[in-house]
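Biologist: Please put the model up. I will ask about its helices, and you reason from what is shown.

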Amino acid sequence: MTTASPAVVLPMRRIIKAGLIVGAVLLPIGLVLVAVGQSLAGWGVVLGAGLPFVFFMFTSIVALRTATVGPEKLGAIVLGTWLIKLIGLIVVLAWLRGQDFFDRGIFFGVFLVCTIGLLVLEAMIVLKTRVPYVDPA
């Protein structure tokens with residue numbers, strides 16, 4: 001088993017840290033809205049921010065955990081986790097379709113903004129990471 005390259009490990013750790021900061025900011029906003037009586041809006045914020053956050057963290061943790069596997073295993077793991085996330089999203093959205101405890105407009109807006117924001121954040125972290133041309137192993 002090979003050791004993980006710092007070119008993979010360092011950005012993934014930064015991505016996880018940034019994701020936790022974003023989650024620590026958005027979750028209390030939704031919970032405060034629920035606490036002050038705006039439960040539809042609050043649950044819309046919590047769900048709209050929570051779904052992208054879970055997927056973002058899941059992807060980053062899987063990338064960090066698979067940093068030492070070979071390319072053939074990595075391909076299977078990436079495909080498998082992608083399918084799990086896709087099926088999970090479909091199941092959650094199908095379940096949410098029949099629910100009325102959250103505001104759908106707020107959910108969609110927060111979901112869209114968080115998804116785009118987290119993807120931009122991830123891209124910025126990866127692009128700013130210095131990667132050596134050769135692996136000094």
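Biologist: In which helix is Val 34 found?

Modeller: First, the ground rules: this is a predicted model, where local features need pLDDT of at least 70, side-chain atom pairs count only at pLDDT 80 or more, and totals for chains, interfaces and linings use all residues. Residues are numbered from 1 along each chain as its sequence is written, and side-chain values use heavy atoms, with hydrogens and water left out. Helices are DSSP runs (H or I, at least four residues; strands are E, at least two), numbered from the N terminus. The run at residues 6–35 includes Val 34, and it is helix H1.

Biologist: Is Val 34 buried or partly exposed?

Modeller: Buried means under 20% relative accessible area, exposed over 50%, and partly exposed in between (1.4 Å probe, protein chains only). Val 34 has 25% relative accessibility, so the residue counts as partly exposed.

Biologist: What separates the C-alpha atoms of Val 34 and Gly 44?

Modeller: Along the chain, the two residues are ten residues apart. In space, their C-alpha atoms are separated by 9.7 Å.

Biologist: Is Val 46 buried or exposed?

Modeller: Val 46 lies in helix H2. Its C-alpha is 5.1 Å from that of Gly 30, with their positions 16 residues apart in sequence. The relative accessibility of Val 46 is 15%, so the verdict is buried.

Biologist: What pattern does the protein chain follow along the sequence?

Modeller: The chain has four helices and zero strands. Of its 137 residues, 26% count as buried. Read along the sequence, the pattern is α-α-α-α.

Biologist: Are H2 and H3 roughly parallel or antiparallel?

Modeller: Axes are lines fitted to C-alpha atoms, for helices over the stretch in contact, with angles from 0 to 180 degrees between N-to-C directions. The axes of H2 (residues 39–65) and H3 come within 11 Å and cross at roughly 165 degrees. Angles under 35 degrees count as roughly parallel, over 145 as roughly antiparallel, 65 to 115 as roughly perpendicular and the rest as oblique. H2 and H3 are therefore roughly antiparallel.

Biologist: Are H2 and H4 roughly parallel or antiparallel?

Modeller: H4 spans residues 104–128. The axes of H2 and H4 come within 8 Å and cross at roughly 30 degrees. The two helices are therefore roughly parallel.

Biologist: How do H3 and H4 run, roughly parallel or antiparallel?

Modeller: Their axes come within 12 Å and cross at roughly 160 degrees. That angle makes H3, relative to H4, roughly antiparallel.

Biologist: Is the crossing of H2 and H3 left-handed or right-handed?

Modeller: A crossing is left-handed if the near helix is turned anticlockwise from the far one by less than a right angle, and right-handed if clockwise. For H2 and H3, the crossing is right-handed.

Biologist: Where is Leu 86 placed?

Modeller: Leu 86 has a relative accessible area of 36%, so this residue is partly exposed. The helix that holds Leu 86 covers residues 71–97, and is H3.
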